[in-house]
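Reader: I would like to go through this model contact by contact. Please keep each answer short and finish on the value or name I ask for.

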Amino acid sequence: MIDIFSLTKTALEAILLQQGIRRFRADQIFTYIYGRHVFDWDEMILLPKKDRDVLKAKLPIYFPRLLARQEAADGETVKLLLELHDGETVETVLMKHDYGNSVCLSSQVGCAVNCAFCASAKNGFVRNLSVGEMVVQLLAFRKYVTPDLHSVVIMGTGEPLLNYDNVLAFLRLIHEKDTFYLGYRNMALSTSGIVPAVDRLAAEGLPLTLAISLHGPTNAIRRQIMPLTDTYDVPAVIAAGDRYFAATGRKVTYEYILIKNVNCTPACAEELARLMKGKNILINLIPINDNYDVGLRRPARREIDAFARYLKERGIPVTLRREMGSRIRAACGQLRIRREQEES
Ligand code: SAH
């Protein structure tokens, strides 16, 4: 079954022509979907009834059911939980920044990478999301929250580079003028460091922003929280980041979650500074969101500040992430996991 949300306008035109429907109907359909957020053939009243009947049979539209909507008290984050056609659920978060609204979306149901700090993988990997299932996450925000979307980050549940083809097709689709018309510079992707896929991405020639989840400055420390280190170790991941920068000119961001007694000692700061010295990169420090009980805790404020200060003093560009979402469990699969817990 073809999913209308996965189609470019050109692809839709080809389907319409096969069905004996005129090409310009594709413009009308795209205006309904992307301009007016109408997701029901019967409401597309500019289309002749006979065309709608053909399309209902040939291209049935499934738009996900909204299962939950959570808004932080300060209104800075809005999170939606959506039900997919097979009953699986996916969560997606809108973050209001001073430069505009950014959507943090999911690329898979569950995740296979199994990082110790992350709620997404707790119940294992379920399946990849299709192109259309990523598109509807954006459309859901447009329909239910605001039409005004500035950027997209694929940093929600899942490892995007293990769903490579769909993620790339999705990014190309939302770049098109008839859909969201988003610039590649307003799209970012976060990976746990799947080295061959980072190289493949670098070769696409798209100016996407790449974030790499590092979280540990040595193999021994990173392995404790990211078992993937056994496959792609710290030097290999950073070398891939360097190649990405060389190929695209886009500065790589390294994400580094700060976890008490694991990776935020002075020795870790020193090692991290040594690794990054002289590189044109950014380090994004993220105090762990410890709502989800995995036994990993947030360091004390002064440890966090000392870690950031050490890097800054050595000329390493560093930001401390504003902690949006922790109060509404917006981080990383927490809403989906909680619902599953409530149901069982
Ligand atoms: N699989 C991809 C994208 C999903 S995770 C990746 O690994 O990058 C993306 C980011 O979510 C992590 O780098 C981290 O910044 C954040 N994250 C995950 N679990 C978190 C937690 N418990 N607390 C704070 N941030 C978390």
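Reader: With which residue does the side chain of Glu 91 make a polar contact, and at what distance?

Author: The model is predicted, so the distances here are computed from predicted coordinates. Glu 91 belongs to strand E3, which covers residues 89-97. The polar contact of Glu 91 runs from side chain to side chain; the partner and distance are Lys 79 and 2.6 Å.

Reader: Is Glu 91 buried or exposed?

Author: The cut-off for buried is under 20% relative accessible area. Glu 91 falls under that cut-off, because its relative accessible area is 4%. Glu 91 is therefore buried.

Reader: How far apart in space are Glu 91 and Cys 104?

Author: In sequence, 13 residues separate Glu 91 from Cys 104. Cys 104 is buried, at a relative accessible area of 11%. From C-alpha to C-alpha, the distance between Glu 91 and Cys 104 is 9.1 Å.

Reader: Why does Cys 268 form no bond with the closest cysteine sulfur?

Author: A disulfide needs two cysteine sulfur atoms within 2.5 Å. For Cys 268, the closest cysteine sulfur is in Cys 264, and that is too far for a bond. The separation of the two sulfur atoms is 7.3 Å.

Reader: How many disulfides does the count come to?

Author: Cys 268 is buried, with 4% relative accessibility, and its sulfur is too far from that of Cys 264 for a bond. Under the 2.5 Å rule, the number of disulfides comes to zero.

Reader: How many residues surround the ligand, and which are the closest?

Author: Strand E8 (187-191) and strand E10 (252-258) each give at least two residues to the shell around the ligand. The shell is made up of 18 residues. The closest are Phe 117, Ser 190, Ser 213, Ile 286 and Asn 289.

Reader: How many residues of each class are in the shell around the ligand?

Author: The classes are nonpolar, polar and charged. The shell around the ligand holds eight polar residues. The other two classes have seven nonpolar and three charged residues.

Reader: Which polar backbone atom lies 2.8 Å from a nitrogen atom of the ligand, and in which residue?

Author: Oxygen atoms of the ligand also have polar neighbours: one is 2.6 Å from an N or O atom in the side chain of Ser 213. Another pairing is with Ser 192, where a backbone N or O atom lies 3.4 Å from an oxygen atom of the ligand. For the nitrogen atom of the ligand, the polar backbone atom at 2.8 Å belongs to Asn 289.

Reader: What share of the area that the ligand exposes when taken alone does the protein bury?

Author: Taken alone, the ligand exposes 530 Å². The share of that area buried by the protein is 94%.

Reader: Which side chain meets that of Glu 13 in a salt bridge?

Author: The closest N to O distance in this salt bridge is 3.3 Å. Glu 13 lies in helix H1 (residues 9-18) and its partner in the loop between H1 and helix H2 (25-36), so the pair ties together parts ten residues apart in sequence. Glu 13 is buried at 12% relative accessible area, whereas the partner is partly exposed at 47%. That partner is Arg 23.

Reader: How many residues apart are Glu 303 and Lys 260?

Author: The two form a salt bridge, with the closest N and O atoms 3.9 Å apart. Glu 303 is in helix H10 (residues 301-313), while Lys 260 is in the loop between E10 and helix H9 (266-276). Glu 303 is partly exposed at 22%, and Lys 260 is partly exposed at 34%. The pair links distant parts of the chain, with a separation of 43 residues.

Reader: By about how many helical turns are Asp 305 and Arg 301 separated?

Author: Asp 305 and Arg 301 form a salt bridge, with 3.5 Å between the closest N and O atoms. Asp 305 is partly exposed at 31% relative accessibility, and Arg 301 is partly exposed at 47%. Because they are four residues apart in helix H10, the separation is about one helical turn.

Reader: How many salt bridges does the count come to?

Author: The pairs discussed include Glu 13 with Arg 23 and Asp 305 with Arg 301. By the 4 Å rule, the number of salt bridges comes to 22.

Note on methods
Residues numbered from 1 in each chain as written. Predicted model: local features only at pLDDT ≥ 70, side-chain atom pairs only at ≥ 80, totals over all residues. Heavy atoms only, no water. Buried < 20%, exposed > 50% of the residue type's maximum accessible area, 1.4 Å probe, protein only. Near = heavy atom within 4 Å. Polar contact = N/O pair within 3.5 Å; in protein donor to acceptor, adjacent residues only side chain to side chain. Areas by Shrake-Rupley, 256 points an atom, 1.4 Å probe, with all protein chains shown as cover. Nonpolar A, V, L, I, M, F, W, Y, C, P; charged D, E, K, R; others polar.
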